[in-house]
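Here are a few exercises to work through with the model open in your viewer. Try each task before reading its solution.

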Amino acid sequence: MKQLNWADFDACVQVLTERYGGRSFKSVFGVPRGGLCLAVGLSHSLGLPLSTTPDNQCLIVDDVFETGRTLKGLRDQWPQATYAVWVSKAPPQWWDAAEVSLSSEWLLFPWENAAAAIADESNYRQSRLDF
């Protein structure tokens, strides 16, 4: 399990702020749960409001691109929005990533409970065996 910390988070916010600071977004939307922390950080850093609903004029963010199901579902609804994640476990295509990790290693984000993350990883890996 790779443990990310708040200094890593600050570095991620800085990277994405540098990439998107010149763009004109209406707001920042964070995918619940993991994307919310990143959205708040970017909202402050970019001087944009935090949105409770996504739309085509916002920056939509999440903590990790693992299977892509979450962001793909949002992209189907809002194809003109811009998408970014902290960590992508696949080479970015239509989304951006502050960090790309092609590892299958489980990530522990600084806002997560370690014991719960261990259980989440176990449940996730078991669900992949059921296919």
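## Exercise 1: The cores

Task: In this predicted model, find how many residues the largest nonpolar core has, and which of them have the most contacts inside it.

Solution. Start with the count: the largest nonpolar core holds 21 residues. Within that core, the residues with the most contacts are L16, L38, L42, L59, V61 and W86. Next, assign the core to elements: α1 (6–20), α2 (34–46), β4 (58–65) and β5 (82–88) each give two or more residues to it. Of these, α1 supplies the largest share, with five residues. Finally, look for a core apart from this one: another has 14 residues, including F65, Y83, V85 and A90.

## Exercise 2: The surroundings of V61

Task: Leave aside the neighbours of V61 within four places in sequence, and list which residues V61 is in contact with.

Solution. Use heavy atoms within 4.5 Å as the cut-off. Going up in residue number, V61 is in contact with V28, F29, G30, V31, G35, L38, A39, L42 and A84. Two of these partners, L38 and L42, also belong to the residues with the most contacts inside the largest nonpolar core, as does V61.

## Exercise 3: The sheet

Task: Work out in what order the five strands of the open sheet lie, and which strands stand at its edges.

Solution. The order is β3-β2-β4-β5-β6, and the pairing is parallel. Now take the ends: β3 (50–51) and β6 (96–100) each have a single partner strand, so one side of each is left without a neighbour in the sheet. Then zoom in on one pair: β5 and β6 run parallel and are joined by four bridges. Here V87 stands opposite E99 in β6. To finish, add a helix: α2 lies across β2 (27–30), β3, β4 and β5, and runs at about 135° to β4.

## Exercise 4: The whole chain

Task: Compare the radius of gyration of the protein chain with that of a compact globule of 131 residues.

Solution. First, set out the elements: the protein chain has four helices and seven strands, in the pattern β-α-β-α-β-β-α-β-β-β-α along the sequence. Second, make the comparison: a compact globule with 131 residues would have a radius of gyration near 14 Å, and the protein chain agrees, at 14 Å. Third, add the extents: the C-alpha trace spans about 40 × 35 × 25 Å along its principal axes. Last, turn to burial and surface: 44% of the 131 residues count as buried, while the protein chain exposes about 7,100 Å², 51% of it supplied by carbon and sulfur atoms.

Notes: Residues numbered from 1 in each chain as written. Predicted model: local features only at pLDDT ≥ 70, side-chain atom pairs only at ≥ 80, totals over all residues. Heavy atoms only, no water. Core = buried A, V, L, I, M, F, W, Y, C linked by side-chain atoms within 4.5 Å. Buried < 20%, exposed > 50% of the residue type's maximum accessible area, 1.4 Å probe, protein only. Pairing = 2+ DSSP bridges. Axes fitted to C-alpha atoms, helices over the stretch in contact; angles between N-to-C directions. Rg over C-alpha atoms; globule rule 2.2 N^0.38 Å. Areas by Shrake-Rupley, 256 points an atom, 1.4 Å probe, with all protein chains shown as cover.
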